[in-house]
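Hi everyone, and thanks for coming. Let me put the structure up on the screen, and then we can walk through a few spots together.

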Amino acid sequence: MSNSLLKEWLAEQPFTLTLSSGFFGFFAHAGLMQALEEAQLLPQKLTGSSAGALIAGCWAGGMSSDDIKSLLFGLKRSDFWDPGLGLGLLKGDKFRQLLKDSLSANDFSDCRAQLVLSAYSMENKQTRVLQHGDLVSSIYASCAIPFMFQPIVIDSHRLLDGGIQDRPALEGTEQGERIFYHHIASKSPWRRKNDSAIQVPVRDNLTSLVIHDLPRSGPFKLEIGQTAYQKAYAAAKRALEMPIADGAISLAS
C-alpha cells in the first residue's frame, strides 16, 4: 500500500468524493469540503447519503464551500421546521424551499460534477440510486430521516433517508472506482456498536478519512454544528498532510 500523503493521492488522478450518512453530520462534511476546495483538490464525481447527500448536492448544485458554510452557520430551526400530518413530523416544504433558494442547478444534468445520491424505497425496501431528474427532490429524499421528515414520491417510490440501507453511500459507485470516502462515526443510540453499517468500508482504490470525537449536532443544538464544522475543517487540513496507511487516515478532531 502506498504511503503517499493524502493530498498527493488526491492530486494523482480524478476521484469520487463519497460522503456518508450521519444525522446532522453535514456540518463536518462541509468543513472537509472547505479544506478540499482551498487545496484545489476537487472531485469529478460525488456520492452521498443523508447528511452526505446534502453537502454533495449543494456543492455539485453550484454552491461554493463558502456558500455552504454561510448557509449552515445562518441556519435556524424555523428555516426547516414545518410540522404537519403525515408519515413524519415535518412536511419538508421549508427544507425543499431552502434548497431551491440556495442552488443554481435545478436538475442533475445542470450540476458541475457528476452526482449520485442514495435514498431508501418504502415500496421494495431497497436503496434507490438517484442520478437523474429534479435535484431538490432527490436531495430531500436522501435526507428524509424516518419519523422526522415525511417521505417524498419519486418514480412511484416513497423515499426516505439513504442512510437506512446505504450509510456509506457506495451504491452509486463501481468496484475499483477511485474513491475518497469521508466517514461520519455514528453516535446513534439506534446502532449496535458492532453494526456492519457503521464500519468503515475497505475495498480496492478507496481511501477513507475518519475524524473522531466530533461533537454531535441536531435540530435543537444547531450551534454545536458550527463547532463540528471548525473541528472537521482543521482536522481535514491536517489530514491532507498525512500519509495514507492501509487505505485510511484516522485522526482526532
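Let me begin with a question: which residues lie nearest the centre of the largest cavity? Please keep in mind as we go that this is a predicted model. The residues nearest that centre are Phe24, Phe26, Leu54, Leu75 and Phe95, and they belong to a lining of 17 residues.

How do we find such a space? Rolling a probe the size of a water molecule over the atoms shows where empty space is left. Searching the whole structure here turns up one cavity of 30 Å³ or more, and its volume is about 230 Å³. Sort the lining by class and you get 16 nonpolar residues, one polar residue and no charged ones. Three helices each supply at least two lining residues: H3 (51–60), H4 (65–73) and H5 (93–102). H5 gives the most, with three residues.

Phe26, one of the residues nearest the cavity centre, takes us to our next stop, helix H2, residues 26–38. Is H2 enclosed or not? Eleven of its 13 residues are buried, so H2 is largely enclosed by the rest of the structure. Among the buried ones are Phe26, Phe27, His29, Met33 and Gln34. We can check the length of H2 too: at 1.5 Å a residue, 13 residues should span 18 Å, and the end C-alpha atoms are indeed 18 Å apart, so the two agree. Just after H2, glutamine 40 takes a positive phi of about 55 degrees.

Now let's look at another glutamine, number 150, in the loop between helix H6 (135–143) and strand S5 (152–154). Buried or exposed, what would you guess for glutamine 150? Its relative accessibility is 11%, and the cut-off for buried is under 20%, so glutamine 150 counts as buried. Beyond its neighbours within four places in sequence, glutamine 150 is in contact with Gly84, Leu85, Gly86, Leu87, Gly88, Leu89, Leu90 and Lys91, and also with Tyr140 and Ala144. A polar atom of the glutamine 150 side chain lies 3.2 Å from the backbone oxygen of glycine 88.

My last stop is threonine 127, in strand S4 (residues 127–130). With a relative accessible area of 17%, threonine 127 is buried as well. What does threonine 127 touch? Setting aside residues up to four places away in sequence, the list is Ser118, Ala119, Gln165, Asp166 and Glu171.

That's my tour, and I'm happy to go back to any of these places.

How values were computed: Residues are numbered from 1 along each chain as its sequence is written. This is a predicted model: local features need pLDDT of at least 70, side-chain atom pairs count only at pLDDT 80 or more; totals for chains, interfaces and linings use all residues. Side-chain values use heavy atoms; hydrogens and water are left out. On a 1 Å grid over the protein atoms alone, a cavity is a set of points where a 1.4 Å probe fits but cannot get out, and a pocket is an open set with protein on both sides within 12 Å along at least five of seven lines; lining residues have an atom within 4 Å of a point. Grid points are joined across faces, edges and corners, and a volume is the space filled by probe spheres set on the points. Helices (H or I, at least four residues) and strands (E, at least two) are DSSP runs, numbered from the N terminus. Ala, Val, Leu, Ile, Met, Phe, Trp, Tyr, Cys and Pro count as nonpolar, Asp, Glu, Lys and Arg as charged, and the others, Gly among them, as polar. Buried means under 20% relative accessible area, exposed over 50%, partly exposed in between (1.4 Å probe, protein chains only). Contact means heavy atoms within 4.5 Å. A polar contact is a pair of N or O atoms within 3.5 Å; within protein, one must be able to donate a hydrogen and the other to accept it, and residues adjacent in sequence count only if both atoms are side-chain atoms. The expected span of a helix is 1.5 Å times one less than its number of residues.
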